[in-house]
Structure formats: C-alpha cells, structure tokens
Amino acid sequence: MVASDQILVTGKQLDTLSINTIRTLAIDAVQQANSGHPGAPMGLAPVAYCLWQDFLRYDPADPTWLNRDRFVLSAGHASMLLYALLYLAEVRQVDQNGNITKDPAVSLDEIKRFRQLGSRTPGHPESHLTTGVEVTTGPLGQGVGNSVGMAIAGKWQAANFNRPGFEIFDFNVYVICSDGDLMEGIGGEAASLAGHLKLSNLCWIYDHNSVTLDGPASWSFSEDVATRFIGYGWNVTRVADANDLEMLSRAFETFHKTTDRPTLIIVDSHIGYGSPHKQDTNAAHGEPLGEEEVKLVKKFYGWPEDAKFLVPDGVRENFRDGVGKRGRELRAQWSKLYADYSAKYPELAERLAHMQHDELPAGWDKNLPSFPADPKGMATRESSGKVLNTLAQNIPWLMGGSADLATSNKTNLKFEGAGDFQAGSYAGRNLHFGVREHVMGASVNGLTKSGVRAFGATFFNFSDYMRASMRLAALSEIPSIFIFTHDSIGVGEDGPTHQPIEQLASLRAMPNMIVLRPGDANEAVEAWKIIAHLKESPVSLVLTRQPMPTLDRTKYAPASGVAKGAYVLADAPGGKPEIILIGTGSELSLCVDAYEKLKAEGIKARVVSMPSWEIFDKQDAAYHESVLPPSVTARVSVEMAATFGWERYTGSKGRNIGMHSFGASAPLKDLLKYFGFTVDKVLAEAHQALGR
Ligand SMILES: Cc1ncc(C[n+]2csc(CCOP(=O)(O)OP(=O)(O)O)c2C)c(N)n1
Ligand SMILES: [Mg+2]
C-alpha cells in the first residue's frame with residue numbers, strides 16, 4: 001500500500017517510511033487544528049530524522065539524563081516536527097517532581113490535539129508543558145540564543161566535573177534554525193559569542209530553504225551566511241539536498257570531528273513537499289494545506305490518501321531500534337561509569353544531585369554580610385555584589401557575568417578560584433558576554449535549564465535589549481537571575497539615554513517575573529535570600545549606582561520583612577497611622593526622612609518598604625490589610641520611575657511621586673531637585689493627601 005521509493009531512491013525503505021510519517025503527522029495535525037506551519041516540518045523531516053535516529057545520544061526512557069545531547073528547535077513554528085519525533089521516539093513523560101512516568105511525553109492523541117487548550121502540543125514548543133522540549137521557542141532567534149548557554153554549561157560541567165577516566169559530561173547541543181533565526185540580531189550575537197568561545201559542542205543546522213513568510217528569502221536576506229559564520233570562527237559545512245541522508249550523516253560526522261569551534265551545517269531544503277520537483281510553497285507556508293492539497297501530498301508520498309494520523313507498521317519499531325536502542329545503551333554505559341564516579345568522588349556527585357534537583361547545598365547562606373547603620377551608606381550594587389560573592393563561594397554552581405559592565409554592575413566573582421570562562425579555560429565562573437545583552441538573556445536561560453544557577457547583568461535601561469529573553473524565562477518558568485544596576489535617573493550625568501523610566505512598570509506587568517528593588521544594603525541581603533530559593537520564576541534585581549543610607553535597624557523594623565515583598569518599616573505610635581508613605585530602592589530613605597519630619601509635626605505616619613510588588617501580592621488578605629489598612633486612604637508612593645500602576649497600592653485618594661518624562665543629563669543633586677525627589681516634595685504631597 002505504501003510505496004516509499006519516490007523520495008529517496010537511494011535511502012532505505014524504512015527511512016523513507018519514517019520520514020514520511022513525520023511529514024504526514026505534521027500535515028494532519030496542522031490540518032485538524034486548522035492552523036500552524038506544515039511546510040517546515042515537511043522540508044526538515046529527513047534532517048531531523050537523520051539526527052535523531054543516527055546521532056543524537058538521547059535515551060527516550062530518561063529525558064532527564066544529565067549527559068543527554070540537547071536538541072533545540074529554534075524554528076519553533078515547526079513545532080509538529082518536534083512533537084512527531086517525541087511521539088515516534090517514545091519519549092517518556094516526566095512529572096512535576098522530576099520523576100519519569102510510564103506515560104508518553106507526547107501521545108498520538110496529543111498530536112491530534114495539536115494547538116488545543118490544555119494539550120501538550122501547543123502552537124510553539126513550551127518546555128514547561130512538554131517533556132523533551134528542552135527550551136521554549138517560537139520567537140525566532142531565542143533557541144539559537146539558548147543553545148549558546150547550554151553549550152557553555154556543557155563545557156563548564158565537563159571542565160569542573162570530569163575526572164581522568166570519567167568523562168561524565170560530553171554532551172552536544174544540536175539546533176535546527178531557520179532563515180528568521182539567522183536574520184534576527186540575537187542570532188548574530190549568539191553566533192559571535194559561540195565562535196569566540198570556540199564552543200565545539202554546538203551544532204546549528206540551518207534550514208536554508210530560501211523562503212520566509214512574506215515570500216522568497218531573497219526579498220530581505222542576501223548575505224553570504226557561510227562566509228559570515230566563517231568570519232565568526234565557525235566550521236561551516238553544506239548539504240546540498242535535505243533528503244540526502246548520506247550527506248547529512250557526513251556533515252554530522254564532520255561536526256563530531258571538529259574539536260576547536262562550533263559547526264554550522266547549511267542544509268539546502270525545499271519547504272513543503274520536501275522535493276525540489278514538487279512544491280507549493282504558498283500553500284505549505286504558515287497555514288494548513290487544505291483537504292485537497294493534503295490528498296495530493298499524500299499521494300505524492302505514496303500514502304493512502306484518506307488515512308489520517310497514520311503510523312505504518314515498522315515505524316515505531318524503527319525508532320526503537322535506532323535512537324531508542326542507542327540511547328539506552330549509551331545511558332547504561334554512562335550510569336555504570338557514574339556509579340563508580342559517585343563512589344570515588346562523592347562530593348562531586350552530591351553537587352550534581354543538588355544541581356539537578358534545584359536544591360541549595362548545606363551552608364549556602366553562611367557568612368552572608370550584615371551592614372551596620374550608616375547615614376552615608378552604600379549603593380545597592382555594592383552591597384549586592386558583596387552578597388553575590390559570598391553566595392557564589394557557598395554555591396559552587398552559581399555563575400554568570402555581565403554584558404561588558406561587570407565593573408559597574410559589581411558582578412565580578414573575585415574570590416580565589418572563581419576564574420574566567422574563556423575558550424580553552426572552561427572551568428571559570430565569570431562569563432564575559434561582551435556587549436550582547438540579548439544573547440546574554442537567552443544564554444542565562446539556557447545555562448539555567450542546564451543545571452547551573454546563572455546570572456546576567458547590565459544597566460537597567462538596557463533590560464529592554466534583552467526583554468524578549470526575559471519574557472521567555474518568565475513564560476517557561478526558568479529561574480534566571482537578571483541583575484540590573486544604574487536603576488533610575490540616579491545615574492546622573494549619563495543622561496536620559498541611560499536613565500530607565502518605564503522599565504520597572506513594564507517588568508512588573510510581566511507575569512511570573514519577580515522584580516526586587518531593595519531599599520538599603522540589608523534589604524539587598526534579604527533580596528538575595530529570596531532569589532536563592534526561586535525555582536520557577538526569574539528575577540529582576542534592580543540596584544542603584546549611587547549610595548543610599550543603610551537604615552538603623554534598631555530604630556526601624558528588620559530587613560527580614562523583605563521576604564513578604566512589603567513591610568512596615570516605621571510606624572505611628574500604636575500602629576494607627578493617618579498617612580502611609582510607600583517607597584522602594586533609593587527612595588525608601590526619602591520616605592524615612594519625611595516620616596521623621598511628619599512625626600515632629602505631630603502627624604502620625606507609617607513608612608512601608610515595598611521592594612517587590614509580586615511577592616507582596618502573594619501574601620494573604622490579612623497581611624495586606626495589616627500593611628496597608630483600608631481605612632488609611634492618605635498614601636504617598638515615592639519611586640524615581642514611571643508611576644504607572646502605583647494607584648493599586650495608593651488608591652484613588654493617594655499621591656504618586658515619580659517620573660512623568662524622560663530624565664536629563666546633569667549631576668544627581670540637580671536632577672533630584674529638578675524632578676522633585678526631595679523631602680520637601682514628599683512632605684508637600686503628604687500634606688495634600690491629608691488635606692492639610
Ligand atoms: C521574532 C519573531 N518574529 C516573527 C515571527 C513570525 N514568524 C514565524 S515563522 C517566520 C518566518 C519564517 O521564515 P523562516 O524563518 O525562513 O522559516 P521557514 O518558514 O522557512 O520555516 C516568521 C516571521 C516569529 N516567530 N518570531
Ligand atoms: Mg526559510
């Protein structure tokens with residue numbers, strides 16, 4: 001019934017049958033959903049098949065295997081390609097607790113529910129929903145960006161954990177990417193960084209199909225990609241026909257043999273049918289084929305025209321005998337090796353177990369600093385930097401870096417043995433991302449998904465440059481740590497190009513993003529304690545450049561209140577305030593100064609420190625009311641940023657002191673006066689709110 005010699009006359013019959021199964025599953029799923037991209041999976045099926053079946057070291061029975069090769073579908077619109085592979089390879093589902101179940105990660109029923117509510121087969125792959133999806137992709141360029149972090153993690157783990165005779169880590173990271181991935185700026189950042197770091201464990205497969213959504217790729221993309229990547233320091237190889245399994249195999253072998261740089265395999269392919277002789281790029285591109293076309297395609301593949309979701313006999317067995325068998329054997333060998341390794345190096349094995357289960361090691365918080373009261377105080381970038389250095393000594397897999405601002409961000413890990421991560425010295429924990437914010441964000445996500453606790457740092461204003469990656473961290477529940485200093489007009493002379501205004505509001509609007517803006521050095525310590533425990537939420541830690549007072553905690557409430565997101569720092573006698581001043585970050589001390597003056601005037605005031613809206617919002621109603629009693633409607637918020645959203649805490653009778661324009665280039669003290677961040681201004685607004 002199924003003729004299979006029409007596409008690959010040279011290939012094996014079973015190969016062709018398997019490849020066409022991937023293709024027709026994609027076609028049927030997209031048709032049934034009445035939305036999605038069938039063309040890319042159809043064109044790429046042989047490439048993905050060759051990789052999975054013959055090269056990927058992956059045991060479908062244990063998708064959590066530490067040394068598994070990683071597969072990233074950066075062209076996330078081709079999601080059905082990945083779902084078909086997960087289904088056919090019989091990858092098992094991992095439950096919420098990280099335990100492997102008997103269930104398939106993707107069943108045929110799930111493929112039939114492609115793009116439906118609650119399915120494991122959403123429109124684009126989402127790593128927190130579907131086992132076997134290593135990272136969430138869809139926004140083009142993010143997957144290639146993640147892959148750099150994953151490859152860095154692989155090199156770092158090999159350098160730190162392998163011992164003579166115990167090659168515990170040697171996994172590779174494979175990525176399928178499309179024209180869009182290479183057009184996006186982040187793709188260039190990623191390739192540049194990977195080339196610089198000589199990440200030889202990284203292989204991108206570029207689907208050179210000469211077409212994008214609007215039409216021929218030539219309308220918008222004409223550079224010589226091969227030359228470009230050679231310039232980046234990559235090994236570049238080419239496969240002239242995506243259906244040529246032999247040539248594909250040779251390209252993967254070339255990748256394996258290349259030990260001094262990453263590899264780009266440029267694969268010339270044809271979207272749609274996958275054949276240069278037969279294609280209908282319009283129909284196949286970005287939308288279902290339509291019932292008529294589906295029949296024609298199936299006929300072309302030698303498929304029964306009316307069969308839907310057909311998996312011919314022998315196909316699943318073929319995958320079992322290929323990727324399944326190889327993966328099982330490789331993992332069994334590894335497990336044996338690892339058992340001996342654990343016996344010989346119990347400390348390292350314990351470390352790996354912690355890393356894999358997102359656990360903190362014993363003593364993770366020892367020697368954390370505590371800062372004495374100091375009216376001059378210090379910048380939170382400074383106090384945070386000290387905390388980070390202590391934590392990194394206690395947590396040996398805490399690592400990261402800055403986008404060329406480490407000295408300003410105070411994120412250098414300076415202790416003995418911290419080291420720099422560079423080509424050829426992969427054990428170091430200081431990463432140098434260069435001026436590449438976007439791929440820093442994506443890399444931090446990839447690193448975090450690979451078991452290390454990673455941070456990336458830059459000026460707060462440039463969070464915009466990496467926002468797309470931060471958003472994916474939030475969406476896919478990756479606890480990436482984003483450290484931002486120079487958090488306001490407090491930057492001073494650098495001026496409005498460097499002074500964030502709306503960034504706080506915009507990150508607070510992002511679901512699952514924890515924003516923390518500590519109000520003094522001791523709040524910075526508490527903020528890091530929260531960060532250490534995050535498992536499913538990324539954090540934006542927002543810090544000042546300029547010094548701020550370290551509050552006297554014998555006079556005011558302890559900084560441990562940060563754990564609840566907001567807390568009463570200073571209160572009116574008997575806890576019955578007439579007015580509440582709410583501050584974050586550098587404006588907290590302004591509220592404290594105003595509070596003291598109000599007190600002297602005989603006005604009963606309260607100061608609430610609110611370093612994190614998100615964490616405060618998670619507390620119960622009783623706590624909310626204890627901090628912000630509904631009966632007290634005279635409220636003033638103070639923050640050197642857009643006031644957008646503060647009404648939710650200050651109410652309709654409240655006042656919001658903040659920024660209503662971009663900043664300006666001037667010495668800080670002039671800016672504070674000009675924009676109204678003075679005790680007098682807070683007092684004036686307080687009086688207004690009180691109506692006296
Ligand atoms: C950042 C981003 N911009 C736009 C899109 C919408 N989009 C989906 S696929 C695609 C382009 C398709 O061209 P290509 O990358 O060559 O993939 P192919 O269609 O050839 O598989 C676009 C623009 C996206 N997914 N991500
Ligand atoms: Mg394309």
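## A tour starting at Arg-517

Arg-517 counts as buried, since its relative accessibility is 1%. Select this arginine to begin, and keep in mind as you go that you are looking at a predicted model.

**Stop 1: Arg-517 and its acidic partners**

Show the side chain of Arg-517, then add Asp-487. These two residues form a salt bridge in which the closest N and O atoms are 2.9 Å apart. Where along the chain do Arg-517 and Asp-487 sit? Arg-517 is in the loop between strand 13 (514-516) and helix 19, while Asp-487 is in the loop between strand 12 (481-485) and helix 18 (503-508). The pair therefore joins distant parts of the chain, 30 residues apart. Arg-517 and Asp-487 are both buried.

Now add Glu-587 to the selection. Glu-587 also forms a salt bridge with Arg-517, and here the closest N and O atoms are 2.8 Å apart. Glu-587 comes from the loop between strand 17 (579-583) and helix 20 (588-600), so its pairing with Arg-517, in the loop between strand 13 and helix 19, ties together parts that are 70 residues apart in sequence. Is Glu-587 buried or exposed? With a relative accessible area of 2%, Glu-587 is buried.

**Stop 2: other salt bridges**

How many salt bridges does the structure hold? There are 28. As background, side chains of opposite charge can pair when their charged atoms come close.

For another example, select Lys-669 and Asp-670. Their salt bridge has its closest N and O atoms 3.9 Å apart. Lys-669 is exposed, with 63% relative accessible area, and Asp-670 is partly exposed, at 39% relative accessibility.

Next, select Arg-57, Asp-69 and Asp-170 together. A network of salt bridges links these three residues.

**Stop 3: the magnesium ion**

Display ligand 2 and zoom in. Which residues coordinate the magnesium ion (ligand 2)? Asp-179 (OD), Asn-209 (OD1) and Val-211 (O) do, at 2.1 Å. Follow these donors along the chain and you will find the spacing D-x29-N-x1-V. Asp-179 is in helix 6 (residues 179-183), and Asn-209 is in the loop between strand 5 (202-208) and helix 8 (225-232). Asp-179 and Asn-209 are 30 residues apart, a pair that links distant parts of the chain.

Try colouring by accessibility here. Asp-179 counts as buried at 3% relative accessibility, and Asn-209 is buried as well, with a relative accessible area of 11%.

**Stop 4: a patch on the surface**

Switch to a surface view and select Asp-358, Glu-359, Glu-477 and Glu-536. These residues gather in a patch of negative charge on the surface. To place one of them, look at Glu-536, which lies in the loop between helix 19 (521-533) and strand 14 (539-542). Glu-536 is partly exposed, and its relative accessible area is 49%. Why is Glu-536 called partly exposed rather than exposed? Its 49% falls short of the cut-off, because exposed means over 50% relative accessible area.

**Stop 5: two residues with positive phi**

Go back to the backbone and select Asn-367. Phi of this residue is near 65 degrees, a positive value in a residue other than glycine. For comparison, most residues other than glycine have a negative phi. Asn-367 is in the loop between helix 13 (346-356) and strand 8 (374-378), and is exposed, with a relative accessible area of 62%.

Then select Lys-410, where phi is near 60 degrees, again a positive value in a residue other than glycine. Lys-410 is found in the loop between helix 15 (406-409) and strand 10 (430-432). At 26% relative accessibility, Lys-410 is partly exposed.

**Stop 6: two distances through space**

Select Phe-677, in the loop between helix 24 (668-675) and helix 25 (679-690). Phe-677 is buried, at 4% relative accessibility. Draw a distance from its C-alpha atom to that of Ile-657: the two are separated by 7.8 Å and stand 20 residues apart along the chain.

Finish with Glu-253, in helix 9 (residues 245-257). This glutamate is partly exposed, at 37% relative accessibility. What separation will you find between the C-alpha atoms of Glu-253 and Gly-231? It is 22 Å, for residues 22 apart along the chain.

Conventions. Residues numbered from 1 in each chain as written. Chains lettered and ligands numbered in written order. Predicted model: local features only at pLDDT ≥ 70, side-chain atom pairs only at ≥ 80, totals over all residues. Heavy atoms only, no water. Patch = residues over 30% accessible without salt bridge, like charges linked within 9 Å, V, L, I, M, F, W, Y side chains within 5 Å. Areas by Shrake-Rupley, 256 points an atom, 1.4 Å probe, with all protein chains shown as cover. Salt bridge = Lys/Arg side-chain N within 4 Å of Asp/Glu carboxyl O. Lys, Arg positive; Asp, Glu negative; His and termini not counted. Charge placed at Lys NZ, Arg CZ, Asp CG, Glu CD. Helix = DSSP H or I, 4+ residues; strand = E, 2+ residues; numbered from the N terminus. Buried < 20%, exposed > 50% of the residue type's maximum accessible area, 1.4 Å probe, protein only. Donors = N, O, S within 2.8 Å, 3.2 Å for Na, K, Ca; no water.
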